[in-house]
Amino acid sequence: MFNGNRIQALTYIFLAPFLILVFFLFRFQLVEGETYQKYAEHNSIRVQTIFPTRGEIYDRHFRPIAINEPSHNLYILPAKLTNLSETAKFINQHLPIPEEEIKELIFQSRFRAYQELIIYRNVDFQKVVEMSEQLNNYPSLFFKTEHVRNYSINNHFSGYISKINRTEFENYRAQFPYSGYTINCQIGKTGIEREYETVLRGKPGRRLIQVDSSGKLFKENPADEEKNQVQHGKDILLTIDLQLQNYIESVFPKGYNGAVLVLDTETGGILSYVSRPVFDLNMFSRTLSRDYWDNLVTDPSFPLMDRVTMATYPPASLFKIMMTGTVLDNNIISPETKLAYCTGSYQYGNRVYRCWNPHGHGSLNLSDAIKHSCNVYFFDLSMRVELPLIENFVKNNYLLDRTGIDLPTERTGFFPSEEWYIERLGSKVLITGHKINLSIGQGEVLLTPIEIGAFYNAIANNGEWTQPHLFSRFISPDKNNEVYNKPKSTKRLDITPSTLSFIQNSLYRAVNETGGTGLGARVQGAKVYGKTGTAQNPAGRNPHTWFAGYAGWDKPEITIVVLFENYPGTGGGVAAPFAGQIIKFYQDNVRQLNGTIASNY
């Protein structure tokens, strides 16, 4: 039997929870109801990014270099995943993606269940049909029709786009917090694609959507005014002439490596930019296979290396022009000075240094020595000039500076100082022996093809050094041209007018007079100047062969650098005729069809 006190106590025990519940309902609904309503609305509204279309890349006549093409891309929505192992197995059965890679991708996104993840780009249409027949069994998978980058030529200057990695994603998000970068994005990894990434990419738009308590789309916000703010990327017009580019690539010796550069002499705009070997850019904008990547990075010919801006070489006899400038501007010799009689070799101490011509050139003045590219003359010349003077000439004429070409990576050349030799070889090092090698562009001196191109272009341009560049102009999405307003650096070479004129005349003689080493570059109808070089390879392999020069009609119009790596022959025997071949094609095709190059490139 219960007494009255027990009944009263039990009543309080049962009523207490209800009173507490009523209290909190009163508080949440009436006292703080408005605040919690705002929280609920905020949690149900999501911002969805509308990605812009990436700008395309064209040559100077609007011929496509990198364009967008339709692509069927496979996505997965983790929230709808019913069986991870079965789904990964199904994907692997149709597409070359390891099951473990798919599982890892899902695991990395385990806290973003409603974020769509791209699995594979550019799925073949027949494969799309085959897989679509079974997608009812895999509700997390679906296809989207988007764009994929397609490159018309394999090259190093345009670069390529590929999927953003975790580090890049975090860096871009930190640097451009409102740019809409996601882990599904593709970004410019190298070349023009990377240099102008933010311009090509455009600006994403946003739209507001409502989701339910599980994060699933409930409805779009019809009043969203930000929906149309997406700004597509701008197209880019380059200075490249695709007709000339394609021709040089087609005649470049098969199976050999090297670089060819053709510049507009007046503006520094690059008309052709060839680096060999190269690789398939389109493999990167699709879904890059592990095997293809492994083959690229282990290839002993280093196809990923851009040899125009990233590789340094001994300049060989091209460097005799730098020696000439040094001795004339420092009044060490006169143009008519005759030095050691060339018998085919030169002895210093116990060592014999050989001329390329074993029969010798006899007695020469400076201009004849350039024309014949006589090594003995320059060996003897090195005895009369101090190393710091050569170093100053190289530095003062921008040969050890980055040219500033509008590409994201560029190496600089190297010229050794006395301090550099002493630090590495000791205080008793004999600098004279090293100077003998340096005088003909051998030994420790190293330059990139773009540095040599910029220097010889300035010689052609009467001493006006102009920054090499690839970019010409933007084309906005409404197809309006936007002028190239990025300032290009111009400066004067540190060479006196008389020395400059002497060098120009000597380069002309080397190509146009009997006995000149550059005779192979001569073209009927054109006025061609140039210097050849053959860099001996201490490893016993074939030499590197060079030609650097320029061609004009009414005035100098194009500057050319040709480099063949480990190629049988000499600069005069192979590089100079190749340069002549390019000049002839330019004269008969590019120049004849288009006239002289417009100065605004």
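**Close-up 1. A network of salt bridges links Arg54, Arg149, Glu193 and Glu197.** This view, like the others here, comes from a predicted model. Two arginines, Arg54 and Arg149, join with two glutamates, Glu193 and Glu197, in the network. Across the whole structure there are 22 salt bridges, and a few more of them appear in the views below. As background, side chains of opposite charge can pair when their charged atoms come close.

**Close-up 2. Asn150 sits in strand S5, which covers residues 141-151.** With a relative accessibility of 19%, Asn150 falls under the 20% cut-off and therefore counts as buried. What does Asn150 touch, once its neighbours within four places in sequence are left aside? Its contacts are Ile65, Ala66, Ile67 and Glu69, together with Asn282 and Arg286.

**Close-up 3. Arg63 and Asp59 form a salt bridge.** Their closest N and O atoms are 2.8 Å apart. Have a look at the surroundings of each partner: Asp59 is buried, at a relative accessible area of 0%, whereas Arg63 is partly exposed, at 26% relative accessibility.

**Close-up 4. Glu391 pairs with Lys395 in helix H15.** The two side chains meet in a salt bridge with an N to O distance of 3.1 Å. Helix H15 runs over residues 387-396, and because Glu391 and Lys395 are 4 residues apart in it, about one helical turn separates them. Glu391 is buried, with a relative accessible area of 11%, while Lys395 is partly exposed, with 43%.

**Close-up 5. Asp588 and Lys584 meet in a salt bridge within helix H20.** The N to O distance here is 2.2 Å. Both residues belong to helix H20 (residues 571-594), where they lie 4 residues apart, or about one turn of the helix. Are these partners buried or exposed? Each counts as partly exposed: Asp588 has a relative accessible area of 28%, and Lys584 has a relative accessibility of 40%.

**Close-up 6. The second largest pocket has a volume of about 1100 Å³.** Its lining is made up of 30 residues, and those nearest its centre are Glu101, Lys163, Thr287, Leu288 and Arg290. Elements that give two or more residues to this lining are helix H4 (99-108), strand S4 (117-120), strand S6 (161-163) and helix H11 (290-298). Which of them gives the most? That is H4, with 5 residues. By residue class, the lining divides into 15 nonpolar, 6 polar and 9 charged residues.

Conventions. Residues numbered from 1 in each chain as written. Predicted model: local features only at pLDDT ≥ 70, side-chain atom pairs only at ≥ 80, totals over all residues. Heavy atoms only, no water. Buried < 20%, exposed > 50% of the residue type's maximum accessible area, 1.4 Å probe, protein only. Contact = heavy atoms within 4.5 Å. 1 Å grid on protein atoms, 1.4 Å probe; cavity = no way out; pocket = protein on both sides within 12 Å on 5 of 7 lines; lining within 4 Å. Points joined across faces, edges and corners; volume = space filled by probe spheres on them. Nonpolar A, V, L, I, M, F, W, Y, C, P; charged D, E, K, R; others polar. Salt bridge = Lys/Arg side-chain N within 4 Å of Asp/Glu carboxyl O.
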